[in-house]
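Let's take a relaxed walk through this one, starting with charged pairs and ending with a pocket. Keep the structure open next to you as you read.

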Amino acid sequence: MTAQVRKLSISVPPDVAARLEQEPNASAYVTQAVRDRMRLDALDAELAHAGIPITGQGVAEARARRAAVEAEWSAERRQALRDRVRQHLRDDAGGAARQPVA
């Protein structure tokens with residue numbers, strides 16, 4: 001069974017058109033991109049409802065803080081942290097699978 005679809009005609013800037021032309025299925029690519037944005041919008045709405053509004057200024061400040069941390073840390077340090085987190089997640093997932101369910 002196939003899902004219902006609607007055919008749309010859209011206009012995009014040249015750089016976006018060039019990117020879409022590289023995709024074997026531009027419709028699927030655009031659909032995923034829009035769904036990703038819809039999830040972000042829903043998260044923003046949920047956070048705002050909880051009293052945590054996302055503002056352009058807040059995003060800019062968070063990006064600046066992240067950039068400052070990244071400037072202080074070497075690529076090796078960031079990779080070591082990523083590796084430790086991944087290992088912890090693997091260990092935790094393995095331990096959870098072995099734990100008896102009460």
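Start with Glu-23 and Arg-19, whose side chains come together in a salt bridge, with N and O 2.6 Å apart. A word of caution before going on: this is a predicted model. Glu-23 is partly exposed, because its relative accessibility is 23%, and that puts it between the 20% limit for buried and the 50% limit for exposed. Arg-19 is partly exposed too, at 34% relative accessibility.

How many salt bridges are there by this rule? The count comes to five. Two others worth a look are Arg-37 with Asp-41, at 3.1 Å from N to O, and Glu-70 with Arg-66, at 2.9 Å from N to O. Here are the three pairs side by side.

| Salt bridge | N to O distance |
|---|---|
| Glu-23 and Arg-19 | 2.6 Å |
| Arg-37 and Asp-41 | 3.1 Å |
| Glu-70 and Arg-66 | 2.9 Å |

Why are Arg-37 and Asp-41 separated by about one helical turn? They sit four residues apart in helix H2, so about one turn lies between them. An α-helix has 3.6 residues a turn, so residues three or four places apart point the same way. Opposite charges on side chains can pair when the charged atoms come close. As for cover, Arg-37 is exposed, since its relative accessible area is 53%, while Asp-41 is partly exposed at 40%.

Helix H3, residues 56-72, has its own version: Glu-70 and Arg-66 are four residues apart there, so about one helical turn separates them. Glu-70 counts as partly exposed because its relative accessibility is 34%, whereas Arg-66 reaches 58% and counts as exposed. Arg-65 is in helix H3 as well, and it is exposed, with a relative accessible area of 53%.

A couple of C-alpha distances help place these helices. Asp-41, in helix H2, has its C-alpha atom 19 Å from that of Arg-63, and the two are 22 residues apart along the chain. For Arg-65 and Asp-15, the C-alpha separation is 30 Å, with their positions 50 residues apart along the chain.

Now for helix H2 as a whole. Does its length come out longer than expected or in agreement with expectation? H2 runs over residues 26-49, which is 24 residues, and at 1.5 Å a residue it should span 34 Å. The expected span is 1.5 Å times one less than the number of residues. The C-alpha atoms at its ends are 34 Å apart, so the two values agree. After H2 comes Gly-51, which has a positive phi, near 90°.

Over on the surface, Leu-8, Ile-10, Val-12 and Val-16 make a nonpolar patch of about 350 Å². One of them, Ile-10, is in the segment before helix H1, which covers 14-21. Is Ile-10 buried or exposed? With 56% relative accessibility it is exposed, because the cut-off is over 50%.

Leu-8 turns up again in the largest pocket. That pocket holds about 480 Å³ of space and is lined by 14 residues. Lying nearest its centre are Arg-6, Leu-8, Ser-27, Val-30 and Thr-31. Which element gives the most to the lining? H2 does, with five residues. So helix H2 is a good thing to keep in view: it holds the Arg-37 and Asp-41 pair and gives the most to the lining of the largest pocket.

Key: Residues numbered from 1 in each chain as written. Predicted model: local features only at pLDDT ≥ 70, side-chain atom pairs only at ≥ 80, totals over all residues. Heavy atoms only, no water. Helix = DSSP H or I, 4+ residues; strand = E, 2+ residues; numbered from the N terminus. Patch = residues over 30% accessible without salt bridge, like charges linked within 9 Å, V, L, I, M, F, W, Y side chains within 5 Å. Areas by Shrake-Rupley, 256 points an atom, 1.4 Å probe, with all protein chains shown as cover. Salt bridge = Lys/Arg side-chain N within 4 Å of Asp/Glu carboxyl O. Buried < 20%, exposed > 50% of the residue type's maximum accessible area, 1.4 Å probe, protein only. 1 Å grid on protein atoms, 1.4 Å probe; cavity = no way out; pocket = protein on both sides within 12 Å on 5 of 7 lines; lining within 4 Å. Points joined across faces, edges and corners; volume = space filled by probe spheres on them.
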